[in-house]
Amino acid sequence: MTLAAPLHDDPHHLTPRAQGVLRIGVKAGNRLDTLRQSGASKALFPRHAGGDLLAVTLNTAGGVTGGDRFSIAAQVAQGSHLTLTTQTAERIYKAQPGQTARMTTEAALAPGARLDWLPQETILFDRCRLRRRLTVDMANDAIFLGVETLVLGRALMGERIEAGFAKDDVRITRGGDLIFADAIALDGAISDQMAAAWCGGPANCLASVTYVAPDAEARLNTLRALMPANAGVSLIRDGVLFARVLAADSHDLRRALIPVLTALRGPLPPTWTL
Amino acid sequence: MATAGRCRMPTEGLLTLMQWLSPGFPLGTFSYSHGLEMAVADGRLRDAAGLQDWIATVLTHGTGRNDAILLAEAYRSDDAQQIDALARALAPSRERLLETTAQGEAFCTTVNAVWGLDLRPMCLPVAVGRAARMQGIALDVTLSAYLHAFTAGLISAAQRCMPLGQTQAQRIVADQTPLCLSLAQAALTQSIDDLGGSAFLADIAAMQHETLQPRIFRS
């Protein structure tokens, strides 16, 4: 960034800081127990065919930039089932110098509870700065299905990330024990880093699918058969299934993910169409 | 502080490290390819240049940098159990988890027996970090030696599953030495927050290795 940037390019004028807090509690019968929404975070509860409670979150600020803070806290009571998705893909725009956006999601799953965390893609733009963290604290027999997708610049638009920072952390504890962690770190010339052999190569997008459930092992062969070329799945330890899927663009990635997620939960929310 | 332990001379610490990290130390390192066997089997990794790329990515954006951070944190911390739990949780596949836990357990067994330590079974980088701290071996040397041994182990695995001459193999190890040193230097000031990577295709190869037949490696 040049020091002589004209005023109208000053990101402070274009992108004020946004904050959003969402708290969702689900009780027996898959009914909403608590809902608190503030700032730029809202949740909608559309009617749908499944028996689970479907919450669709939206960011009324229209995107995320450096210094923004978004948090979601979900509590799923014994035997209940919550599905969380986003209304649109989340866009992480250019950050102001020295500022980093933070997005945190924390979920607590009681015995027999189930959470499906199915946000749409997160699209990184040039000069973004993001720290994202998903924490799941689940009972031994609870079920967690999660997908998180990163699109590193929109390939069809010729976008590249010459500079930026994205740290994406996942921590899952089951019965109090840490059983899964993922840490994606992209720093600097992110498009070049991704293009390195054995990082992403030609792939511009990646998705991580995590399924923690007592029946995870029984799903392994089904998922192996559904993996496209640049993808892998492993039953890392008992009850913990993890897949990483790479693709050239977000459309290809979604086409690969839909059968995988459908195999792990049945029909997807209407936001997950091609 | 790092040199204030039981080793009176830095050379003594260096010799201990050389013993721990030599191919003759009974860790079973020869059983693991870190997913390399898969990359070779499906034709994506064919020659010395491809091997250089694979190693550089695994070191810079994958297990190399993360093992260095875990080792350094285990060296500095009084709660190795928590770091070990994180090291296990970060394994991206079942065979990678086996690779780091089985070698770590073997390391602890031998070090406990020979040096009289009381290490509980831990992942390899965590175990090496704890043992080096207990023996008063400097952290920077431990990190460099660990990363160099990791590199040499991977090249040795490559020699058994692809055409690679002995001289060529040693040249690749030597070429990666500056990278090992810079990653070791970086880990001195890094912490748990810095853990992370982007060696996605290398990790995917390790996942795909689970169904590879025939195979000579356990990962």
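Two strands count as paired here when DSSP finds at least two bridges between them. Keep that in mind for chain A of this predicted model, where strand β15 (residues 205-212) has partners to look at.

**Strand β15 of chain A**

Strand β12 (residues 143-152) of chain A runs antiparallel to β15(A), and eight bridges join the two. In terms of register, E148(A) sits opposite S208(A) in β15(A). Then there's strand β17 (residues 240-247) of chain A, which also pairs with β15(A) in the antiparallel sense, over eight bridges. Here V212(A) faces V240(A) in β17(A).

| Strand paired with β15(A) | Residues | Sense | Bridges | Opposite residues |
|---|---|---|---|---|
| β12(A) | 143-152 | antiparallel | eight bridges | E148(A) and S208(A) |
| β17(A) | 240-247 | antiparallel | eight bridges | V212(A) and V240(A) |

Is β15(A) mostly covered or mostly open? Mostly covered: eight of its eight residues are buried. That goes for both faces, with C205(A), A207(A), V209(A) and Y211(A) buried on one side, and L206(A), S208(A), T210(A) and V212(A) buried on the other.

**Helices of chain B**

Over in chain B, α6 (94-115) packs against helix α7 (residues 124-134) at an angle of about 25°, with the axes 7 Å apart. Since angles under 35 degrees count as roughly parallel, that makes α6(B) roughly parallel to α7(B). On the α6(B) side, the contact is made by T100(B), Q103(B), G104(B), F107(B), C108(B) and V111(B). They meet L124(B), V126(B), A127(B), V128(B) and A131(B) in α7(B). Sorted by type, the residues of this contact come out as eight nonpolar, three polar and no charged.

Helix α8 (residues 139-161) of chain B is worth a quick sanity check. At 1.5 Å a residue, its 23 residues should span 33 Å, and the end C-alpha atoms are indeed 33 Å apart, so the two agree. As for its surroundings, 17 of the 23 residues of α8(B) are buried, so this helix is largely enclosed by the rest of the structure.

**Where the chains meet**

How many residues of chain B are in contact with chain A? The count is 27, and they touch 30 residues of chain A. On the chain B side, the elements giving two or more residues are α3 (48-61), α5 (80-89), α6 (94-115) and α10 (200-208). The top contributor is α10(B), with seven residues. By type, the chain B side splits into 15 nonpolar, eight polar and four charged residues.

How values were computed. Residues are numbered from 1 along each chain as its sequence is written. Chains are lettered from A and ligands numbered from 1 in the order in which they are written. This is a predicted model: local features need pLDDT of at least 70, side-chain atom pairs count only at pLDDT 80 or more; totals for chains, interfaces and linings use all residues. Two residues are in contact if their C-beta atoms, placed from the backbone, lie within 7 Å. Helices (H or I, at least four residues) and strands (E, at least two) are DSSP runs, numbered from the N terminus. Ala, Val, Leu, Ile, Met, Phe, Trp, Tyr, Cys and Pro count as nonpolar, Asp, Glu, Lys and Arg as charged, and the others, Gly among them, as polar. Axes are lines fitted to C-alpha atoms, for helices over the stretch in contact, and angles run from 0 to 180 degrees between N-to-C directions. Angles under 35 degrees count as roughly parallel, over 145 as roughly antiparallel, 65 to 115 as roughly perpendicular and the rest as oblique. A residue is buried if 20 or more other C-beta atoms lie within 10 Å of its own, exposed if 12 or fewer, and partly exposed in between; C-beta atoms are placed from the backbone. The expected span of a helix is 1.5 Å times one less than its number of residues.
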